Amino acid sequence: LGVLEAYFTILEARHADALRIERRIDARALTACVPPLILQPLMENAIRHALHGGSASVAVVMLAIDRTDDGRVRVTLSNPYLPSASARSGLGIGLRNTRERLARFFSDDFALTLEYTYDRAVLTLMMPHRGTADLGAPASRGPVSEPLMPAPVVASSAPGRFARLVTSPHPWRIAIVAIVFWIAAWWFWAYQMYFYRRALGHSLPSALDGSWADMVSAAAWMGLTPVVLWLGTVLPIRGRWWVARGLAHLLLSFGISLLQVRIIIATGVLGNVQLLQASNFNQLALNCVFYCLLIALTQRRAALRWLQARQVAERRVEAELALTRWHTRAMESQPELIAAALERVSAHMERAPDEAEEEVLTLADSLRLLLQSSERVTVGHADAMATLGAVLSLRRSARAAAPRLDISAHTGRDDIQVSPSELIAQTHALLDAASGIEAIHVEVVRDATGRAQLHISPYPAQAGFMLSDRTA
């Protein structure tokens, strides 16, 4: 954080009117040791996209660091995001390199996710809280930029305690999971055969009687599980040679299956049987299934990355479709009004040229403002009020009458961001559906979750509409 503060000072001085960096730091997280300069590329990405991919006059980048209840460190970066201005897809080189560095330090015990809302990108990093005792290095305590504040709630794919135990590559954890799983499998097989034989009328003193072959089978798999997991790591089924590696795993599955059955035969619990005897084929097929499941477990990271990339692309398309839909509705509602306004100007041209010229200038200003607003993803409160005023001015030019704009004293907020296209389309729909409206009242309210909303309602009281804050 000390290194970042110097970087922030330079950027805030250079972009004093266009950039604001908010910091929300939990003092409990400051004792955590992290890889050197792990936050620098993430902040550079966020600030670059905020300055070049946002639409607000002041780009707000938020850095939140806190310690979760289960003792992990959560880093959240939020920056403005404009889908139409972003030519790149996926996680990008910088984030991919960061993910690889985190994997070297924390193996699988971390989560790095990138999500998109309507107009912001939210990156969340979850990692274990490791102090000096864990890393053997002096702790680096950065400055507390702001008092403790709650971090924003964002969806995260951070694994839970049990998932971390199962998927962590630490040898002792793998050993614990393998032993517990195969003991449970042995008991399942034992009771399965016990009840099967009882159903056939056989008399057995206990479920363990006759299940020693199953116990040997489970014990053999306890020893083979680390070997299979290692094979899945050195021969990942991805990249250029994924077909060849897949065929190699197919052959290895047969080899491991034969080895496991050979171990059972060597103990003598099956009596005098041959390796490729027909009665062993069921065990060989089951062993191949176990092998494939263990290999699939080693490939989970690649599958999760692919799934995350698909989800990011899907959300980006949804955001762009929503933006296009509001653009279309805003544009469809205005041509008729423009034509009516031009007809009124033409009618006034011969009778009152001065008034007609003033009406033309007013109409031009309104159309220019509406066009500029429609091209932006979000606007602040002041620009939203100017856009709403332009809508009413256009309707006044077209129909010689329009409601007045009544702005509540509670709306003097510059941090709220709303969609201008949605504002234009919703306002036109409201005025077209209602009659006898004298004024449009605007105020900022908060919903049950505390999220700010712009409430636009007609007077006399009729049904209005809400615009959600798109800041985060």
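These notebook entries record what I looked up in the structure.

**Entry: the model**

I note at the outset that this is a predicted model.

**Entry: aromatic pairs**

I began with the aromatic rings. A pair of aromatic rings is described by the distance of the centres and the angle of the planes. The count comes to five aromatic pairs. One of them joins Y7 and F8, with 6.3 Å from centre to centre and 40 degrees between the planes, and I recorded this pair as tilted. I then asked whether Y7 is buried or exposed. Y7 counts as buried, because its relative accessibility is 19% and the limit for that class is under 20%. F8 also has a low value in my notes: F8 counts as buried at 2% relative accessibility.

I turned next to the pair of W182 and F290. Its ring centres are 5.1 Å apart and its planes meet at 80 degrees, so the pair is edge-to-face, as the angle is over 60 degrees. Which parts of the chain does this pair link? W182 belongs to helix α6 (residues 171-199) and F290 to helix α9 (residues 281-298), so that distant parts of the chain, 108 residues apart, are brought into one pair. W182 is buried at 3% relative accessibility, and F290 is buried with a relative accessible area of 13%. I also found that W182 and F290 form one aromatic cluster together with W221.

**Entry: helix α9 at A285**

I stayed with helix α9, where A285 also lies. A285 counts as partly exposed, with a relative accessibility of 44%. I looked up the spacing of A285 and S253: their C-alpha atoms are 9.5 Å apart in space, and the two residues are 32 apart in sequence.

**Entry: nonpolar surface patch**

Which residues make the nonpolar surface patch? I listed I237, W242, V243, L247, L250, L251 and F254, which together make a patch of about 710 Å². I checked the position of I237 and found it in the loop between α7 (212-234) and α8 (242-267). I237 has 33% relative accessibility and counts as partly exposed. That value passes the patch criterion, because patches are made of residues with over 30% relative accessible area.

**Entry: negative surface patch**

I then looked up the charged surface. D354, E355, E357 and E358 form a negative surface patch. Of these, I followed E358, which is found in helix α12 (residues 353-374). Is E358 buried or exposed? E358 counts as exposed, because its relative accessibility is 55% and exposed means over 50%.

**Entry: the loop between β1 and α2**

My last entry concerns the loop between β1 (19-25) and α2 (40-53), in which V34 is found. V34 counts as partly exposed at 38% relative accessibility. I looked up V34 against P128: the two are 94 residues apart along the chain, and their C-alpha atoms are separated by 9.2 Å.

L37 lies in the loop between β1 and α2 as well. Most residues other than glycine have a negative phi. I therefore recorded the backbone of L37 separately, because phi of L37 is near 55 degrees, a positive value in a residue other than glycine. L37 counts as exposed, with a relative accessibility of 54%.

Note on methods. Residues numbered from 1 in each chain as written. Predicted model: local features only at pLDDT ≥ 70, side-chain atom pairs only at ≥ 80, totals over all residues. Heavy atoms only, no water. Patch = residues over 30% accessible without salt bridge, like charges linked within 9 Å, V, L, I, M, F, W, Y side chains within 5 Å. Areas by Shrake-Rupley, 256 points an atom, 1.4 Å probe, with all protein chains shown as cover. Salt bridge = Lys/Arg side-chain N within 4 Å of Asp/Glu carboxyl O. Helix = DSSP H or I, 4+ residues; strand = E, 2+ residues; numbered from the N terminus. Buried < 20%, exposed > 50% of the residue type's maximum accessible area, 1.4 Å probe, protein only. Phe/Tyr/Trp six-rings, centres within 6.5 Å; stacked < 30°, edge-to-face > 60°. Lys, Arg positive; Asp, Glu negative; His and termini not counted. Charge placed at Lys NZ, Arg CZ, Asp CG, Glu CD.
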